Amino acid sequence: MTNLIANQLKTNEQSDGSQSLNKNSSNSSSSSNNSDVAIALKVFLILIILALASCFFVVVKAGERGVLMQFGAVQQQILNEGIHPIVPLVNTVKKMSVRVQNQTISEEAASGDLQTVYVDVDLNWHLIPETINLVYQEIGNQRAVIDRIITPAMTEVLKNAIASHTAEEVITKRGEIIAALTQNLIDRLEPYHIAVNDIALTQVHFSPEFSKAVEAKQVAAQRAKKADYITQKAIKKAEAMVYLAKGKAEAQRILSETLTPQVMQQQAIAKWNGKLPKVMGGSKNQVFDLKQLIPTF
């Protein structure tokens, strides 16, 4: 009996110890969970504060300008690059790029001699920073600027420039056409606060029929040049022969005027080698030595 009572007491003590450990473990887990929740709440509050604070500021990046609006109305103040304070719900900012941008169009135009010309044009342009608010107010965003202003202007100016030149001049006077395009585009885009940096005709080609005609014309021109060269060469050769004949005739004339008997005798003596010739004469074919006929002293 005594042993049973002792065992029962021992079992009760172990049960109480186990319950105490479980309680401590539960308290520790609850404390850890409470700590995680507190950290999450702090992070959430910080994020909310940052989000609210960002509503009071706007950042304009490099190469941009900010169009400031108050209750939707465009203001004259233009926000430059950097961070700027604004009033939430009162002010809004539209960011616009003022960097140089490229616009390419491919157009079919008629030349002054009614030939079809296919032209690719590259235009480098940018919005004027000092009037960026007027651009947004009068036209809209950059997509609207391209669709409503730049593309139609390029098309019209290009067709007018091509129409004022023949198809051949489109090639031979390319620099003149580019200069005219540039000036006309500057005049056309300036009222819309758009600046032209430069323009280039990247591709110029014609219909297959006209290209063949140009090639045939070039071949004919080359043949004509070759024929002209041959003709000029023959003329030069004939002129040289005439001058040579005139020179010989003049030399003969001068020689005949200066060739007197005395001169001829002197020339004969100068060329004589000192030997008298032997001659044949008579019917007997006798040979006479002229030395024997000349008396010696």
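## Salt bridges, cores and surface of a predicted model

The side chains of Arg 65 and Glu 81 are joined by a salt bridge, with an N to O distance of 3.7 Å. This pair connects distant parts of the chain: Arg 65 belongs to strand S2 (residues 64–70), while Glu 81 sits in the loop between strand S3 (73–79) and strand S4 (82–85), 16 residues apart. The structure described here is a predicted model.

The two partners differ in burial class. Arg 65 has a relative accessible area of 16% and is buried, because buried means under 20%. Glu 81, with a relative accessible area of 45%, is partly exposed.

Arg 65 also has other partners. The side chain of Arg 65 makes a polar contact with the side chain of Asn 80 at 3.4 Å. Not counting residues up to four places away in sequence, Arg 65 touches Val 60, Ile 78, Leu 79, Asn 80, Glu 81, Lys 94, Lys 95, Met 96, Val 98, Pro 129 and Ile 132.

### The salt bridges

How many salt bridges does the structure hold? There are five salt bridges, including the three listed below. Side chains of opposite charge can pair when their charged atoms come close.

| Salt bridge | N to O distance |
|---|---|
| Arg 65 and Glu 81 | 3.7 Å |
| Arg 188 and Glu 156 | 2.6 Å |
| Lys 173 and Glu 169 | 3.5 Å |

Which parts does the salt bridge of Arg 188 and Glu 156 tie together? Arg 188 lies in helix H5 and Glu 156 in helix H3, so this pair ties together parts that are 32 residues apart in sequence. Arg 188 counts as partly exposed at 31% relative accessibility, and Glu 156 counts as partly exposed at 38%.

For the salt bridge of Lys 173 and Glu 169, the relative accessible area of Lys 173 is 33%, which makes Lys 173 partly exposed. Glu 169 is partly exposed as well, with a relative accessible area of 23%.

### Overall make-up

The protein has eight helices and 10 strands. Of its 297 residues, 22% are buried. Its accessible surface comes to about 21,300 Å², and carbon and sulfur atoms account for 58% of that surface. Among contacts between residues at least 6 apart in sequence, 65% join residues at least 24 apart.

### The nonpolar cores

In soluble globular proteins, nonpolar side chains tend to be buried together. The largest nonpolar core in this model has 39 residues, and the residues with the most contacts inside this core are Leu 123 and Leu 185. Two or more residues of this core come from each of strand S6 (101–110), strand S7 (116–127), helix H2 (132–138), helix H3 (142–163), helix H4 (167–172), helix H5 (174–189) and strand S8 (194–206). Which element gives the most to this core? Helix H3 does, with 11 residues.

Leaving aside neighbours within four places in sequence, Leu 185 is in contact with Leu 123, Ala 153, Met 154, Val 157, Val 196 and Ile 199. A second, separate core has five residues, among them Val 58, Val 60, Leu 68 and Leu 79. Two residues of this second core, Val 60 and Leu 79, are also touched by Arg 65.

### Ser 97 in strand S5

Ser 97 is placed in strand S5 (residues 91–97). Is Ser 97 buried or exposed? At 18% relative accessibility, Ser 97 counts as buried, because the class covers residues under 20%. The side chain of Ser 97 reaches the backbone nitrogen of Arg 99 at 3.3 Å. Apart from neighbours within four places in sequence, the residues in contact with Ser 97 are Gly 63, Glu 64, Leu 127 and Gln 142.

### A nonpolar surface patch

Nonpolar residues also appear on the surface. Ile 39, Val 43, Ile 46, Leu 47 and Leu 50 make a nonpolar surface patch of about 470 Å². One of these residues, Val 43, lies in helix H1 (residues 2–54). Val 43 has 43% relative accessibility and therefore counts as partly exposed.

Technical notes. Residues numbered from 1 in each chain as written. Predicted model: local features only at pLDDT ≥ 70, side-chain atom pairs only at ≥ 80, totals over all residues. Heavy atoms only, no water. Patch = residues over 30% accessible without salt bridge, like charges linked within 9 Å, V, L, I, M, F, W, Y side chains within 5 Å. Areas by Shrake-Rupley, 256 points an atom, 1.4 Å probe, with all protein chains shown as cover. Salt bridge = Lys/Arg side-chain N within 4 Å of Asp/Glu carboxyl O. Helix = DSSP H or I, 4+ residues; strand = E, 2+ residues; numbered from the N terminus. Buried < 20%, exposed > 50% of the residue type's maximum accessible area, 1.4 Å probe, protein only. Core = buried A, V, L, I, M, F, W, Y, C linked by side-chain atoms within 4.5 Å. Contact = heavy atoms within 4.5 Å. Polar contact = N/O pair within 3.5 Å; in protein donor to acceptor, adjacent residues only side chain to side chain.
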